[in-house]
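User: I have a model to read and would like to go through it feature by feature. Can you take me through how each one is read?

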Amino acid sequence: MIKLDRRAFLKGAGATGASCALASVVPGSLAAIGAPALKGSGETVYSICEMCSTRCPIAARVVDGKTVFIQGNAAAKSFGGKVCARGGAGHSLLYDPQRIVKPMKRIGERGEGKWQTISWEQAYSEIAAKMNELKSKYGPETVVFSSKSGSEHTHIFNMANAFGSPNTFTHLSTCPGAYEVAAHAIYGTKLKRDLSNSKFIINFGHNLYEGINMSETRALMNAQMDKHAKLVVFDPRFSVVASKADEWYPVRPGSDVAVALALCQVLIADNLYDKAFVERYVEGFAQFASQVAAYTPEWAASLTDVPAKDIRRIAHEMAKAAPHALVDFGHRSTFTPEEFELRRTIYALNVLLGNFERKGGLYMGKKASSYNKLAGADVAPALANPGVKIPKPAAKRIDQLDGQYAFTWKMGGVYQSIIDTVTTGKPYPIHGWVMTRTNPMQTVTDRSKVEQALKKMDLVVCCDLYVSETAAFADYILPECTYLERDEEIADKSGKNPGYYVRQQVVDVIGEAKPGWQIFRELGIKLGLDAYYPWDNIQTLQLAQVNKDDALLKEIKAKGYISYGKPLMLREPQMVADFVAAYPGARPADDDGTYGSALKFKTPSGKIELYSVEVEAMAPGRGTIVYHEPQLKQPDELYFIQGKVAVHTNGATHNIPMLANLMSDNAVWIHPETAARFGIKNGDDIRLTSSVGSETGHALVTKGIRPDTVFAYMGFGSKNKELTLASGKGVHCGNLLPHATAPVCGMCVHTTGVKLEKA
Ligand SMILES: Nc1nc2c(c(=O)[nH]1)N[C@H]1C(S)=C(S)[C@@H](COP(=O)(O)OP(=O)(O)OC[C@H]3O[C@@H](n4cnc5c(=O)[nH]c(N)nc54)[C@H](O)[C@@H]3O)O[C@H]1N2
Ligand SMILES: Nc1nc2c(c(=O)[nH]1)N[C@H]1C(S)=C(S)[C@@H](COP(=O)(O)OP(=O)(O)OC[C@H]3O[C@@H](n4cnc5c(=O)[nH]c(N)nc54)[C@H](O)[C@@H]3O)O[C@H]1N2
Ligand code: SF4
Ligand SMILES: [Mo]
């Protein structure tokens with residue numbers, strides 16, 4: 001373990017400078033100001049991790065002014081009171097010498113790496129003056145805003161809307177967009193999965209043992225270990241999940257939709273689906289059934305390399321386990337331009353299994369308002385939305401959300417359309433980009449286009465913890481303090497029953513960094529938007545959320561995580577019986593012992609829609625699910641796919657000393673046959689070249705990948721010299737991916753073709 005006392009820190013800072021001749025100490029960094037002792041009460045504080053956006057509940061305390069000890073919050077049972085390796089390394093982020101703790105202004109060319117520190121007052125005044133200038137010259141809509149979703153997005157987007165810009169973007173179109181849009185089209189709402197109670201799970205590249213979500217990862221482990229659930233994994237690569245599965249199929253990249261359609265075909269043709277469920281709750285079954293009739297396992301086999309007999313057998317086994325069987329809808333849904341159809345087909349499979357609101361199936365989150373209504377009592381307090389009403393900006397968004405992408409979450413939008421718009425000038429030119437907690441140079445496709453877009457702006461403002469690869473091209477870098485140094489508003493964490501949790505400051509702020517809510521409030525006021533900020537600080541906001549119920553706020557803070565009532569799934573008779581017994585005023589159960597009659601879907605028909613009039617209008621020919629052959633590569637290319645690694649997060653953690661020590665490079669997975677064809681041996685230097693970029697790295701020759709595919713863990717190969725532990729190490733995935741947007745869901749496609757050679 002790295003010792004983080006003051007001496008070790010300063011030595012580390014010095015060594016960092018020495019190890020990279022190019023890098024001088026960045027003026028606003030922690031290395032430049034020297035490391036203070038950590039100040040905190042030493043008592044356990046319940047809070048929320050932010051080493052990734054899973055945001056697990058944690059219990060943390062300062063130890064001897066030297067480090068912060070972080071564990072999971074035991075009150076949050078589904079998380080098992082645990083954190084992952086990244087969650088345990090939070091102190092190494094807090095104390096990273098290369099963290100930025102003072103506002104900085106660019107003094108050289110964009111991306112040249114010349115900075116001076118400035119005061120917050122100067123930063124706010126200059127940024128506000130420039131933003132207001134752009135507003136009066138070109139219109140407020142010509143400034144775009146982006147953020148990872150979370151507390152930050154609320155504050156920066158409120159400021160954006162109050163300023164008058166509708167153009168706000170989250171990571172949605174690079175991550176969960178397709179499964180959210182598909183759920184919206186079919187069920188009219190977002191869904192959750194009850195992995196832990198499932199007896200049969202099909203997994204299409206949901207990498208839960210590396211792309212960790214403590215609650216879902218543990219749920220899958222519980223299902224496998226305690227319930228002996230069968231797990232079938234489709235992944236072109238032998239992932240850790242694949243290695244723990246009962247069956248693994250190295251499916252052809254982007255072709256999963258054909259496997260899923262063939263599974264539907266067998267369930268229908270062999271009469272294995274839940275007819276009662278379909279009759280009661282589903283619209284458009286006949287159209288869907290006639291469409292999928294042609295999608296036989298034999299048809300799918302040649303497209304996917306999954307044997308027909310296995311598809312047929314898996315469908316039968318899955319039907320036997322139904323309704324406690326589920327087809328996981330995945331997380332990063334960006335493998336193919338046909339993401340919308342893939343995620344929709346996965347939901348259709350779950351519909352045919354009749355697993356909705358059943359144990360081991362899919363369900364809707366039970367927030368306080370819907371839960372209390374069923375209980376006929378105020379079991380859980382409902383939180384107020386304390387914001388001031390902000391008028392809807394007059395201008396249209398740049399990403400045509402009123403057209404084909406109408407089902408995407410309006411705040412999130414189609415992130416990559418910022419780049420398209422800058423390239424084409426359509427629908428109107430963009431002049432400024434203000435962002436927080438996002439690193440599009442790594443995480444949106446076609447790095448060189450992102451760089452060009454940033455260079456074309458009249459103003460770029462980046463709020464981050466580091467001089468990230470994107471922040472390196474900013475005019476101003478605003479240092480947010482880490483999650484361990486800040487309070488935030490209460491967040492909803494409802495699952496099968498309502499729940500809340502809250503982020504609380506564990507350690508005193510280091511340097512001049514500030515929480516995001518404060519940064520965007522202060523900038524908003526400087527922009528002359530005072531009317532939208534009737535609250536002074538986070539405590540006022542929290543109190544407004546709990547309707548001034550001070551005792552409730554104290555309780556949430558004391559426990560960190562709090563849940564109310566009993567877990568409820570509406571079609572699970574025992575859970576409904578327990579619920580009715582617990583609340584005398586509860587809605588009576590139906591004759592069959594369920595709350596089946598309470599199920600209403602927010603679709604135009606009020607039912608689950610396997611044919612959607614709305615989708616047909618948005619994208620003609622797609623009313624029901626139709627197979628389209630995805631075009632991902634040229635015949636002489638290999639598929640290039642990516643995934644998460646357990647010890648790093650996206651494009652964010654590669655400079656954190658403790659995690660960089662664990663892994664600082666991403667060797668490219670190459671099948672032995674392919675390696676032999678190109679004369680490549682394990683460890684050799686190799687080059688990957690796509691239609692947009694070229695990257696050198698080295699080879700990991702392994703049978704754990706299809707011969708026609710290469711794989712790299714994402715987030716490596718940073719090109720900014722400020723982050724000395726991350727910079728230049730490994731293959732930069734975003735530099736190889738062309739910019740492609742999937743129909744209907746607006747996803748940024750992450751699979752492409754590459755040429756491989758020995759470097
Ligand atoms: N090629 C390829 N691209 C991908 C993916 C892939 O697998 N392959 N994965 C996609 C996925 S799933 C996602 S979610 C996106 C994620 O993409 P992004 O939303 O860009 O997220 P991150 O890389 O997690 O973090 C972005 C930045 O947040 C900063 N940061 C961390 N904590 C804080 C904080 O508390 N405050 C502030 N202000 N900044 C902070 C980090 O330093 C980092 O620079 O990437 C997507 N892009
Ligand atoms: N350790 C760690 N945990 C994380 C994150 C992290 O960066 N690091 N990020 C968090 C975030 S933001 C997210 S969204 C989740 C992501 O969670 P996941 O979506 O589960 O993570 P990925 O690793 O991106 O998953 C991609 C998997 O799909 C496979 N794959 C690629 N192409 C295809 C294909 O065409 N078909 C099939 N069937 N499989 C394919 C890859 O080999 C990989 O195993 O993880 C979260 N947790
Ligand atoms: S999965 Fe790990 S890094 Fe992500 S929030 Fe949870 S503990 Fe933190
Ligand atoms: Mo993600």
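Analyst: Start with polar contacts. A polar contact is a pair of N or O atoms within 3.5 Å. Keep in mind that this is a predicted model. Here is a case: a backbone N or O atom of Gly254 lies 2.8 Å from an oxygen atom of ligand 2.

User: Which other residues make such contacts with a nitrogen atom of ligand 2, and at what distances?

Analyst: Asp256 uses its side chain: an N or O atom there is 2.5 Å from a nitrogen atom of ligand 2. Ala646 uses its backbone, with an N or O atom 3.2 Å from a nitrogen atom of the ligand.

User: Which residues come nearest to ligand 2?

Analyst: Ligand 2 has 33 residues around it. Asn207, Asp256, Arg332, Lys644 and His648 come nearest. So Asp256 appears in that group and also in the contacts above.

User: Where does Lys644 sit, and how far is Lys644 from Arg332?

Analyst: Lys644 is in the loop between strand S22 (638–643) and helix H24 (657–662). Lys644 and Arg332 are 312 residues apart along the chain, and their C-alpha atoms are separated by 9.8 Å.

User: How do I read the accessibility of Lys644?

Analyst: Use two cut-offs. Under 20% relative accessible area is buried, over 50% is exposed, and in between is partly exposed. Lys644 has 22%, so Lys644 counts as partly exposed.

User: Now ligand 1. Which residues come nearest?

Analyst: There are 27 residues around ligand 1. Those that come nearest are Asn439, Thr443, Asp464, Glu480 and Arg486.

User: What polar contacts does ligand 1 have with Gln642, Asn650 and Gly651?

Analyst: Take them in turn. A side-chain N or O atom of Gln642 is 2.9 Å from a nitrogen atom of ligand 1. For Asn650, a side-chain N or O atom is 3.3 Å from an oxygen atom of the ligand. Gly651 offers a polar backbone atom, 2.9 Å from an oxygen atom of ligand 1.

User: And what is around ligand 3?

Analyst: The residues around ligand 3 include Cys49, Cys52, Cys56 and Cys84. Met51, Thr54, Arg55, Val83, Arg86, Gly87, Ile212 and Met214 are there too. By class, that shell has eight nonpolar, two polar and two charged residues. The space taken by ligand 3 is the second largest cavity.

User: Are Cys52 and Cys56 buried or exposed?

Analyst: Apply the 20% cut-off. Cys52 has 12% relative accessibility, so Cys52 counts as buried. Cys56 has a relative accessible area of 8%, so Cys56 is buried as well.

User: With cysteines in view, how many disulfides does the structure hold?

Analyst: First the idea. A disulfide is a covalent bond between the sulfur atoms of two cysteines. This structure holds zero disulfides.

User: Next, the backbone. Where are the cis peptide bonds?

Analyst: Read omega. One cis peptide bond joins Ala322 and Pro323, with omega about 5 degrees. Pro323 is in the loop between helix H13 (308–321) and strand S13 (325–328). Another cis bond joins Lys426 and Pro427, and omega there is about 0 degrees. Pro427 is in the loop between helix H16 (417–424) and strand S15 (432–436).

User: Which residues other than glycine have a positive phi?

Analyst: Asp305 is one of them, with phi near 65 degrees. Val744 also has a positive phi, about 65 degrees, although it is not a glycine. Asp305 lies in the loop between helix H12 (297–304) and H13. Val744 is in the loop between strand S26 (709–713) and strand S27 (752–758).

User: How accessible are Asp305 and Val744?

Analyst: Asp305 has 40% relative accessibility, so Asp305 counts as partly exposed. Val744 has 0%, so Val744 counts as buried.

User: Last, charged residues in loops. Is Arg110 buried or exposed, and what about Lys548?

Analyst: Arg110 has a relative accessible area of 13%, so Arg110 is buried. Its loop runs between strand S4 (104–106) and strand S5 (115–117). Lys548 has 67%, so Lys548 is exposed. Lys548 is in the loop between helix H20 (538–545) and helix H21 (550–559).

User: How far apart are Arg110 and Lys456 in sequence and in space?

Analyst: They are 346 residues apart in sequence and 9.9 Å apart in space, C-alpha to C-alpha. For Lys548 and His153, 395 residues apart along the chain, the C-alpha separation is 24 Å.

Key. Residues are numbered from 1 along each chain as its sequence is written. Chains are lettered from A and ligands numbered from 1 in the order in which they are written. This is a predicted model: local features need pLDDT of at least 70, side-chain atom pairs count only at pLDDT 80 or more; totals for chains, interfaces and linings use all residues. Side-chain values use heavy atoms; hydrogens and water are left out. A disulfide is a pair of cysteine sulfur atoms within 2.5 Å. Buried means under 20% relative accessible area, exposed over 50%, partly exposed in between (1.4 Å probe, protein chains only). A residue is near a molecule or strand if one of its heavy atoms lies within 4 Å of it. On a 1 Å grid over the protein atoms alone, a cavity is a set of points where a 1.4 Å probe fits but cannot get out, and a pocket is an open set with protein on both sides within 12 Å along at least five of seven lines; lining residues have an atom within 4 Å of a point. A molecule sits in a cavity or pocket if more than half of its atoms lie within 2 Å of its grid points. Ala, Val, Leu, Ile, Met, Phe, Trp, Tyr, Cys and Pro count as nonpolar, Asp, Glu, Lys and Arg as charged, and the others, Gly among them, as polar. Helices (H or I, at least four residues) and strands (E, at least two) are DSSP runs, numbered from the N terminus. A polar contact is a pair of N or O atoms within 3.5 Å; within protein, one must be able to donate a hydrogen and the other to accept it, and residues adjacent in sequence count only if both atoms are side-chain atoms.
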